[in-house]
Amino acid sequence: MPRRARPCRKVFVTRTIDSAALERIRAAAAVTVWRDEMPPPASALRAALANADAVLSMITDKIDARVIADAPRLRVISNLGVGVDNIDLDAATRAGIAVGHTPGVLTEATADLAFGLLMATARRIAEADRHVRAGKWRTWGPMMMLGHDVYSSTLGIIGFGAIGQAMARRAMGFGMRVLYLKHPSSKRITRREDSRPAGAVAVTLPRLLAESDYVSIHVPLTAKTRHMIGAREFAMMKPGAILINTARGAVVDQAAMVAALKSRRLGGAGLDVTDPEPIAHRDPLLRLDNVVITPHIGSASIATRARMAAVAADNILAVLSGRVPRWCANPRVRLRPFTDAT
């Protein structure tokens with residue numbers, strides 16, 4: 001009796017990723033890659049997922065309940081990133097779809113970028129670069145481009161997970177005093193919090209805002225953290241303080257931030273994320289000299305993106321083998337069984 005052919009699993013990858021990770025997936029499945037620089041439009045994403053067993057998605061791909069309902073074969077959504085706010089987790093769990101993500105591997109790269117934004121904003125580095133390129137540098141002057149000290153100042157960290165703690169270690173290397181706020185939804189001490197950098201002090205949000213020269217945000221975007229920093233919180237901040245955000249743009253009320261920057265209540269902002277992304281060409285933030293904005297590049301080092309792709313591939317390969325992935329954002333999911341349809 002002839003052996004039954006093994007079903008061909010189909011994987012859709014929504015953007016070009018590291019080639020080594022892609023080849024590992026290709027060894028186990030038929031892979032289609034969206035080659036355009038821009039994300040697949042919603043209609044193209046729905047069409048691709050209608051016959052896919054797995055998708056390796058980006059944070060720019062909105063996979064909501066409607067998309068999930070139209071994907072009867074889908075077993076795993078593997079997001080290239082830590083955050084999964086672009087995915088309807090509840091709908092995925094109900095459908096038996098594991099949602100993978102890539103925590104841990106981007107910690108150091110993101111903390112590097114966050115501290116770089118802090119330095120650039122405090123010492124007006126981007127503004128000074130524009131000054132030189134515009135031909136405005138005429139001479140050295142004792143009052144020219146005065147910025148803020150980083151050494152011996154106070155850093156307040158909102159969200160003390162892996163990235164927040166990596167930020168704290170960098171700050172302590174600069175002789176900074178570090179205050180931190182536990183994640184607002186945390187109800188117990190985690191192993192990471194038990195091993196927090198020595199010298200970091202847990203405080204309430206009002207105290208953190210009042211005493212910090214710099215406030216750095218490292219919380220995920222959830223219903224509880226959306227706009228958690230708004231007009232009320234900016235009013236509590238130390239006058240002239242600087243805000244750093246490498247988490248998600250919507251954690252901050254952007255209109256309130258613009259008002260605080262214009263009034264100089266907020267001394268500056270270093271942003272790797274905005275709301276929305278990409279930022280609109282006419283957004284008032286782009287007209288402010290005391291703001292440094294980068295295009296969501298916190299994890300954009302060559303080595304880090306390769307490691308992220310490897311973990312995202314691991315998540316897909318685990319589900320194709322019938323296992324819940326190690327890095328699963330909905331670990332209680334009961335995996336939808338495969339069919340033999342090809």
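Student: Is Phe-174 buried or partly exposed?
Tutor: Partly exposed, because its relative accessibility is 36%. Buried would mean under 20%. Bear in mind that this is a predicted model.

Student: What about Phe-115, buried or exposed?
Tutor: Phe-115 counts as buried, at 7% relative accessibility.

Student: How many aromatic pairs does the structure hold?
Tutor: Two. Phe-115 and Phe-174 make a pair with ring centres 4.8 Å apart and planes at 50°, so the pair is tilted.

Student: Where do those two sit in the chain?
Tutor: Phe-115 is in helix α5, residues 107–122. Phe-174 is in the loop between α7 (162–173) and β7. They are 59 residues apart, so the pair links distant parts of the chain.

Student: And which residues form the stacked pair?
Tutor: Phe-160 and Tyr-180. Their centres are 3.9 Å apart, with 15° between the planes. Phe-160 lies in the loop between β6 (154–158) and α7, while Tyr-180 belongs to strand β7. The two are 20 residues apart.

Student: Are those rings buried or exposed?
Tutor: Both are buried: Phe-160 has a relative accessible area of 2%, and Tyr-180 is at 4%.

Student: New topic. In what order do the strands of the open sheet run?
Tutor: The order is β2-β1-β3-β4-β5, five strands with parallel pairing.

Student: Which strands stand at the edges?
Tutor: β2 (30–33) and β5 (98–100). Each has a single partner strand, so one side of each is left without a neighbour in the sheet.

Student: How are neighbouring strands turned against each other?
Tutor: By 15° on average, direction ignored.

Student: How many bridges join β1 and β2?
Tutor: Four, in the parallel sense. Lys-10 stands opposite Ala-30 in β2.

Student: Then what does β3 pair with?
Tutor: β3 pairs with β1 (residues 10–13) over three bridges. Four bridges join β3 to β4 (residues 76–79). Both pairings are parallel. Phe-12 is opposite Val-55 in β3, and Ser-57 has Asn-79 in β4 as its bridge partner.

Student: Which way do the β3 residues point?
Tutor: Ala-54 and Leu-56 point one way, Val-55 and Ser-57 the other. All are buried.

Student: Which helix packs on β1, β2 and β3?
Tutor: Helix α1, residues 19–26, touches those strands. Its direction makes about 140° with that of β2.

Student: What does helix α12 lie across?
Tutor: α12 (residues 302–320) lies across β1, β3, β4 and β5. It runs at about 170° to β4.

Student: Switching again. How many residues are in the largest nonpolar core?
Tutor: 33. Those with the most contacts inside this core are Ile-158, Phe-234, Met-257 and Leu-285. Elements giving two or more residues include β7, α9 and β10. α11 gives the most, with five residues.

Student: Is there a second core, and what does it include?
Tutor: A separate core of 26 residues includes Val-11, Ala-29, Met-58 and Ala-312.

Student: Back to Phe-234. What does this residue touch?
Tutor: Among its contacts are Ile-229, Leu-243, Val-252, Met-257 and Leu-266. That leaves out residues up to four places away in sequence.

Student: Where does pLDDT stay under 50?
Tutor: Over residues 185–193. The model has 10 contacts beyond four places in sequence for that stretch. Where pLDDT is low, the predicted coordinates should not be read in detail.

Student: What does the chain average?
Tutor: The protein chain averages a pLDDT of 94, and 93% of the residues score at least 70.

Technical notes: Residues numbered from 1 in each chain as written. Predicted model: local features only at pLDDT ≥ 70, side-chain atom pairs only at ≥ 80, totals over all residues. Heavy atoms only, no water. Buried < 20%, exposed > 50% of the residue type's maximum accessible area, 1.4 Å probe, protein only. Pairing = 2+ DSSP bridges. pLDDT = per-residue confidence, 0-100. Contact = heavy atoms within 4.5 Å. Core = buried A, V, L, I, M, F, W, Y, C linked by side-chain atoms within 4.5 Å. Phe/Tyr/Trp six-rings, centres within 6.5 Å; stacked < 30°, edge-to-face > 60°. Axes fitted to C-alpha atoms, helices over the stretch in contact; angles between N-to-C directions.
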